[in-house]
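This report introduces a protein structure to a reader who has not met it before. It proceeds from confidence to sheets, cores, cysteines and backbone.

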Amino acid sequence: MECQRFVLLCFTLFTLFHPGQAGYEGTLRFDSNGQLKVLQVTDTHYGEPYPSQDKRSTPMVENLIDWEKPDIVACTGDMITGYNYEPKVPQWFEKQWIKWTEPFNKKKQPYFYLLGNHDPQANYTPEEIMKLDMTNDFSMSQLGPSDVFGASNYVLPVYDPTGKEVVYYFWVFDSGYQKCIESIDGYDCIKESQIQWYRKKSQELLQEDGKQVPGVAFFHIPSPEFMNAANQSEVKGYKTDDNSCWSVNSGFFYAAKDVGNIEAFISGHDHGNDYTINYHGIQMIYGRKTGYGGYSPPAWMKKGGRVFEFTLDEAKNV
């Protein structure tokens, strides 16, 4: 197993965080030294036909937590292989959820979760999945607004060491699990209702905070800009998969540029990619595939996670 900082398997990147919603009652914030560490795990794919894969994925996540000691873990989708749902197995989905959340319960590790395209392909709706996850004592996950597409749309504030001032935001988006547009085959996307929610919420936070506070965006299926950037410049990290991005560019990148408060897009989905590249001022960042379920990248590309290390300076800039 390998561990990389900012672009590979155990990756380390810099950030802060500590809010309190859902099952976990704490808040995300920088420590007294102005440091915050986030571990990203993605695409564990629990529930594949071979139980041995799940048995290897669980200690992988536990080891990553032990090695990195993150403040929070970002679970960026496809934690469960929903299309392998077995109706004859009682509580099949709940059993897979219990398995993938076991490391967080065992290590008493706070985390937050967003839906991938395979999580909702069993017998639970996206809303039911998020409600289930919110029952976990260490979950910071939230159910998004009912009038916005998807179920895992929410924003988590990150506070300064005193816990009084918000200095960063984690924007979480549901990138869907069907089609972006019904008439076009391909992967789903962040849709117009989500973009409008993002714009409106950004304006509300601007009024509350008295200034624009930066942040990063987490979602499962990469936006087309991941592909565009890689086609134009050399990436840092591995690119062994074609980009399986949204079938339609819904304009979220342009909204993020217009609003100006998102510094990076952080995704999973493409198991053989873990690269990072800047695209017109916003960093495109893949996680490293964590679990042993689902299709595997090349054998030499070991399973793992990405680590983000955020630093807060004296002027409270991240």
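In what follows, a contact means heavy atoms within 4.5 Å. In that sense Cys75 touches Val41, Trp100, Phe104, Tyr111, Phe112, Tyr113 and Leu114, not counting residues up to four places away in sequence. The description rests on a predicted model.

**Confidence**

The average pLDDT of the protein is 92, and 92% of the residues score at least 70. Residues 1-22 have a pLDDT below 50, yet this stretch has 137 contacts in the model beyond near neighbours in sequence. Where pLDDT is low, the predicted coordinates should not be read in detail.

**The sheet of four strands**

One open sheet consists of four strands in the order 4-3-2-11, with mixed pairing. Its edges are formed by strand 4 (111-113) and strand 11 (306-311), each of which pairs on one side only. Neighbouring strands of this sheet are turned by 20° against each other on average, with direction ignored. Helix 1 (residues 51-68) packs on the sheet and touches strand 2 (35-41), strand 3 and strand 11. The direction of helix 1 makes about 165° with that of strand 2.

Strand 3 (residues 72-75) pairs with strand 4 in the parallel sense over three bridges. Within strand 4, Phe112 stands opposite Ala74.

**The sheet of seven strands**

Another open sheet has seven strands in the order 1-5-6-7-8-10-9, and here too the pairing is mixed. Strand 1 (28-29) and strand 9 (276-279) each have a single partner strand, so one side of each is left without a neighbour in the sheet.

Strand 5 (residues 154-159) and strand 6 (residues 166-172) are antiparallel partners joined over six bridges. The bridge partner of Leu156 in strand 6 is Phe170. Strand 9 and strand 10 also run antiparallel, joined by four bridges, and Asn278 stands opposite Gln283 in strand 10.

Two helices lie across strands of this region. Helix 4 (residues 192-209) lies across strand 5, strand 6 and strand 8 (262-267), and runs at about 165° to strand 6. Helix 5 (residues 224-232) lies across strand 8, strand 9 and strand 10 (282-286), at about 95° to strand 9.

**Nonpolar cores**

The largest nonpolar core has 52 residues, of which Cys75, Trp100, Phe104, Phe112, Tyr113 and Phe170 touch the most other members. Helix 2 (residues 92-107) contributes the largest share of this core, five residues. A second, separate core of 35 residues includes Phe173, Cys189, Tyr198 and Tyr279.

Two members of the largest core also appear in the strand pairs described above: Phe112 stands opposite Ala74, and Phe170 is the bridge partner of Leu156.

**Cysteines**

The model contains one disulfide. This link joins Cys180 to Cys189, with an S to S distance of 2.0 Å. A disulfide is a covalent bond between the sulfur atoms of two cysteines. The link of Cys180 and Cys189 is right-handed, with 65° about the S-S bond, and both cysteines are buried.

Cys245 is in no disulfide, and the nearest cysteine sulfur, that of Cys180, is 11 Å away. A disulfide requires sulfur atoms within 2.5 Å.

**Backbone at two loop positions**

Most residues other than glycine have a negative phi. Which residue departs from this in the loop between strand 2 and helix 1? That residue is Asp43, which has a positive phi of about 55° although it is not a glycine.

His280 likewise has a positive phi, near 50°, and lies in the loop between strand 9 and strand 10. These strands form a hairpin with two residues between them, and His280 is in the turn.

**Accessibility of selected residues**

Residues count as buried under 20% relative accessible area and as exposed over 50%. The table applies these limits to four residues discussed above.

| Residue | Relative accessible area | Class |
|---|---|---|
| Cys75 | 0% | buried |
| Cys245 | 10% | buried |
| Asp43 | 2% | buried |
| His280 | 53% | exposed |

Of the two loop residues with positive phi, Asp43 is therefore buried at 2%, whereas His280 is exposed at 53%.

Key. Residues are numbered from 1 along each chain as its sequence is written. This is a predicted model: local features need pLDDT of at least 70, side-chain atom pairs count only at pLDDT 80 or more; totals for chains, interfaces and linings use all residues. Side-chain values use heavy atoms; hydrogens and water are left out. pLDDT is the predictor's confidence in each residue, from 0 to 100. Two strands pair if DSSP finds at least two bridges between them. Axes are lines fitted to C-alpha atoms, for helices over the stretch in contact, and angles run from 0 to 180 degrees between N-to-C directions. A nonpolar core is a set of buried Ala, Val, Leu, Ile, Met, Phe, Trp, Tyr and Cys residues joined through side-chain atoms within 4.5 Å. Buried means under 20% relative accessible area, exposed over 50%, partly exposed in between (1.4 Å probe, protein chains only).
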